[in-house]
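Please open the model in your viewer and keep the selection panel at hand. The stops below each name something to select and then say what is there.

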Amino acid sequence: MKKATIFSRMAAGAAALFAAVCGVGSAYVWQHTPENLRITDESGISVPFEGISARYTSGEADWPVSSEKGQSVQVEYSLWGIVPVKTVTADCVEQPLVEVGGQPFGMRMLTSGVTVVELSTVMSGGELYDPGRQAGLQVGDCIQAVDGQSITGSEEFTGYLQKGAGKPVTLTVDRGGSTLEKTITPVRSDSDGKWRCGMWIRDSTAGIGTLTFLEPDSGVFAGLGHGVCDPDSGKLLPLSQGDVLRVTISGVQKGTAGAAGELRGYFSEDTACGELLKNSETGMYGHLTGSLGMDPGESWPVAMRQQVHSGQASILVTIQGDTPQEYDIEITAVEYDESRRTKNLRIRVTDEELLEKTGGIVQGFSGSPILQDGYLAGAVTHVLVDNPCEGYGIFAETMWEESRNLQ
């Protein structure tokens with residue numbers, strides 16, 4: 001009886017241990033596999049993490065993707081090939097080929113409407129008024145229209161207020177993708193006699209980034225690897241129209257711990273060589289009509305996310321003039337969290353020459369292509385300010401998918 005009890009307890013303990021291991025293992029599989037998948041003839045379906053097996057739900061370990069282009073199949077990920085954990089949809093696609101970048105490019109943007117960058121009070125008749133806050137406006141709001149009339153710039157907005165001479169106006173506001181209407185009553189400022197709403201607004205910006213890739217057939221390009229945001233509100237700037245300009249890098253402010261460095265450059269030509277089409281969370285996209293100095297014909301395959309792995313890689317970046325150079329880095333971590341798409345890769349600069357010249361990653365590197373195993377694997381997006389040798393990157397596949405919508 002005692003032996004039976006002992007064996008029963010041992011069996012229960014083993015079962016509990018197995019369940020715990022499976023629970024932890026299942027969480028590991030969920031964390032280290034993508035939510036969706038694209039597969040090419042070369043990509044396969046396996047992910048670069050120990051203990052995770054992949055197979056098609058139809059039973060095959062491999063699949064003739066070339067015969068299934070444009071179709072979707074189901075892929076199952078399991079723990080050690082024993083415990084099924086997750087099934088995802090995999091789209092069979094042609095191998096994307098792009099011309100890799102590394103060249104700096106200038107951006108001259110006009111925003112859609114005007115963006116609220118600060119709210120303030122107005123002294124009127126010896127009293128303080130706060131029209132913006134009273135109307136319910138917030139920093140980051142984009143004002144698209146006044147009394148139903150579209151506006152394109154700050155001068156137009158201010159002029160409309162002066163014509164109204166203090167009458168309440170209805171503002172059509174874009175707030176995080178939602179359209180709102182707010183009524184605001186301007187007050188006459190004691191300082192200059194003009195009608196004010198207690199808001200600082202912006203309608204344009206300019207900057208420098210790095211080109212990630214160009215689609216040679218369509219002329220569509222992708223760069224930056226993250227969106228252009230308002231420096232005051234931190235919100236994504238809504239793009240109305242914009243130009244692409246050639247840039248020459250004149251120097252580098254070296255980065256140190258706690259102080260991010262930056263590329264220094266200037267617009268080498270005032271004539272646009274392309275147009276900006278989309279300012280997205282995943283980068284800046286547009287169409288080139290002129291040259292940024294890329295060598296035609298240097299096509300690279302875009303890696304699918306499951307092909308990118310920890311280990312040696314390189315980046316293309318321009319730190320002088322307008323010609324990119326290749327430098328060694330290491331991809332130290334890969335993750336598939338869709339809520340952190342611009343930080344799916346963790347990278348570290350290992351090239352001694354680049355470390356000596358720049359201190360690591362600096363502002364302006366955003367968009368620099370990450371190359372691994374003969375593929376365009378990703379793009380640099382952020383620097384760790386406390387440790388400029390390290391930073392983050394985005395999958396090239398993510399940017400390629402966004403660019404497809406513009407072709």
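**Stop one: a buried tyrosine and its partners**

Select Y336, which is buried with a relative accessible area of 4%, where buried means under 20% relative accessible area, exposed means over 50% and partly exposed lies in between, computed with a 1.4 Å probe on protein chains only. Before going on, note that this is a predicted model, in which local features need pLDDT of at least 70, side-chain atom pairs count only at pLDDT 80 or more, and totals for chains, interfaces and linings use all residues. Residues are numbered from 1 along each chain as its sequence is written, and side-chain values use heavy atoms, with hydrogens and water left out.

Now add F395, which is buried with a relative accessible area of 0%. Rings of Phe, Tyr and Trp (for Trp, the six-membered ring) pair if their centres lie within 6.5 Å, and planes under 30 degrees apart count as stacked, over 60 as edge-to-face and the rest as tilted. The rings of Y336 and F395 have centres 6.0 Å apart and planes at 25°, so this pair is stacked. Y336 sits in the loop between β23 (325–334) and β24 (345–349) while F395 belongs to strand β27, so the pair ties together parts that are 59 residues apart in sequence. Helices (H or I, at least four residues) and strands (E, at least two) are DSSP runs, numbered from the N terminus. Add F49 as well, since ring pairs link F49, Y336 and F395 into a cluster.

**Stop two: an arginine in a loop**

Select R305, in the loop between β21 (299–301) and β22 (311–317). Is R305 buried or exposed? At 5% relative accessibility, R305 counts as buried. Leaving aside neighbours within four places in sequence, R305 is in contact (heavy atoms within 4.5 Å) with P34, N36, R38, Y336, E338, F395, E397 and T398.

**Stop three: the barrel and its helix**

Show the strands β22-β23-β24-β27-β26-β25, which form, in that order, a closed barrel of six strands with antiparallel pairing; two strands pair if DSSP finds at least two bridges between them. From one strand to the next, the twist averages 45°. Within the barrel, β25 (residues 369–372) and β26 (residues 375–383) pair in the antiparallel sense over four bridges, and L371 stands opposite L376 in β26.

Helix α5 (residues 396–404) packs on the sheet, touching β26 and β27 (390–395), and its direction makes about 45° with that of β27; axes are lines fitted to C-alpha atoms, for helices over the stretch in contact, and angles run from 0 to 180 degrees between N-to-C directions. Seven of the nine residues of α5 are buried, so the helix is largely enclosed by the rest of the structure. Among the buried residues of α5 are E397, W400 and E402.

**Stop four: a second ring pair**

How many aromatic pairs does a search of the whole structure find? The search finds three. One to select is F105 with F221, an edge-to-face pair at 5.6 Å centre to centre with 70° between the planes. This pair links distant parts of the chain, with F105 in strand β6 (residues 104–119) and F221 in strand β16 (residues 220–223), 116 residues apart. Both F105 and F221 are buried.

**Last view: the whole chain**

Zoom out to the protein chain, which has five helices and 27 strands, and in which 46% of the 407 residues count as buried.
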